[in-house]
Amino acid sequence: MKVGGFQKVSLVDYPGYVCSIIFTIGCNFRCAYCYNHSLVLPEEYPEPIPLEEVWQYLRRRKGRIDAVEFTGGEPTLQKDLIEQISRVKEMGFLVKLDTNGSNPEVVDSCIKKGIVDYIAMDVKAPLEKYMEVVGVCVDTGKIKASIDMIKGFKDYELRTTLYPALTDEDFLKIFELVKGAKNYFLQVCSLENTLKDCSHLKQFSEKRMQSLKKLTYNFVNYCEIRR
Ligand code: SF4
C-alpha cells in the first residue's frame with residue numbers, strides 16, 4: 001500500500017469516534033473540484049510514508065484512538081488494501097473505508113470478510129453525467145452497484161459535493177440514486193486550488209443549499225450540509 005499522508009487524530013471523520021486517517025496514493029478519477037492534487041496526479045505524488053511508521057503509531061495509541069479511516073486518492077486501487085485493513089482490524093480498531101465507488105468488488109470483499117465497520121461513498125453526479133464530472137471514462141454500472149451495496153450495509157454515509165456545474169435537475173436524479181439512504185450529506189464545494197480551474201463557477205447560495213437539503217427529505221432519512 002502506498003501511503004501519501006497520515007493524519008494522527010481526527011474527531012470529526014468517524015461519527016462518534018476518535019480516528020486516524022490513512023491517505024493512499026493514486027486515484028482513477030479526475031474530478032475538477034478535487035483539492036488532493038498530490039494524491040491524484042502522478043507527477044505530484046509524495047514520497048510514500050513507510051507503513052511501519054503508521055503501525056507503530058497506532059500500536060502506541062491503542063485505547064486513545066478508536067478507529068482508522070482508509071481514504072485517498074482511491075484506496076480500493078491498492079492491491080493489498082484487504083490485507084492492510086485486516087491488519088488494522090486485528091489490532092482492534094474500527095475501520096472506515098472511504099471510496100469513490102468505482103470498485104464495488106473490493107468493497108464487497110471488505111464487507112464479506114467483516115473487516116469494515118463504516119463505509120463512505122461520494123455520489124458525484126447523475127449516472128449519465130458521471131464521466132463529465134469525474135473527468136474520465138467510468139463504468140456507471142459499478143457506481144450504481146456500489147451505491148446499492150452500501151445502502152444495504154449496517155453503518156454508512158453517502159454524500160454529494162455541491163459542485164456548481166450541477167443543476168437542480170441533476171440533484172434530483174442524484175437523490176433518486178441515493179433514495180432510502182440512512183445518512184446523506186451535501187458537501188460544500190471548495191473552488192480554490194482545485195484540480196481543474198473552477199474559478200469561473202459560482203458557489204451555491206445558502207438559500208439554494210437549504211432548498212436542496214429540504215428536497216432530500218422526500219428521498220433520504222437524514223441529510224446534513226457539511227461545510
Ligand atoms: S475528489 Fe475525485 S479525483 Fe479527487 S480523490 Fe476524490 S475521486 Fe479522486
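Q: How do the residues of the shell around the ligand divide into nonpolar, polar and charged?
A: This is a predicted model, where local features need pLDDT of at least 70, side-chain atom pairs count only at pLDDT 80 or more, and totals for chains, interfaces and linings use all residues. Residues are numbered from 1 along each chain as its sequence is written, and side-chain values use heavy atoms, with hydrogens and water left out. The shell (a heavy atom within 4 Å of the ligand) holds Cys27, Phe29, Arg30, Cys31, Cys34, Val40, Gly73, Asn100 and Lys124. With Cys, Phe and Val counted as nonpolar, Lys and Arg as charged, and Gly among the polar ones, the split is five nonpolar, two polar and two charged.

Q: Is Lys124 buried or exposed?
A: Lys124 belongs to the ligand shell and sits in the loop between β5 (118-122) and α5 (130-134); strands here are DSSP E runs of at least two residues, helices H or I runs of at least four. Buried means under 20% relative accessible area, exposed over 50%, partly exposed in between (1.4 Å probe, protein chains only). Lys124 has 6% relative accessibility, so it counts as buried.

Q: Which helix gives the largest share of the largest nonpolar core?
A: Such a core is a set of buried Ala, Val, Leu, Ile, Met, Phe, Trp, Tyr and Cys residues joined through side-chain atoms within 4.5 Å. This one has 68 residues, and Phe70 and Ile85 are among those touching the most other members. Its largest share, five residues, comes from helix α2 (residues 51-61).
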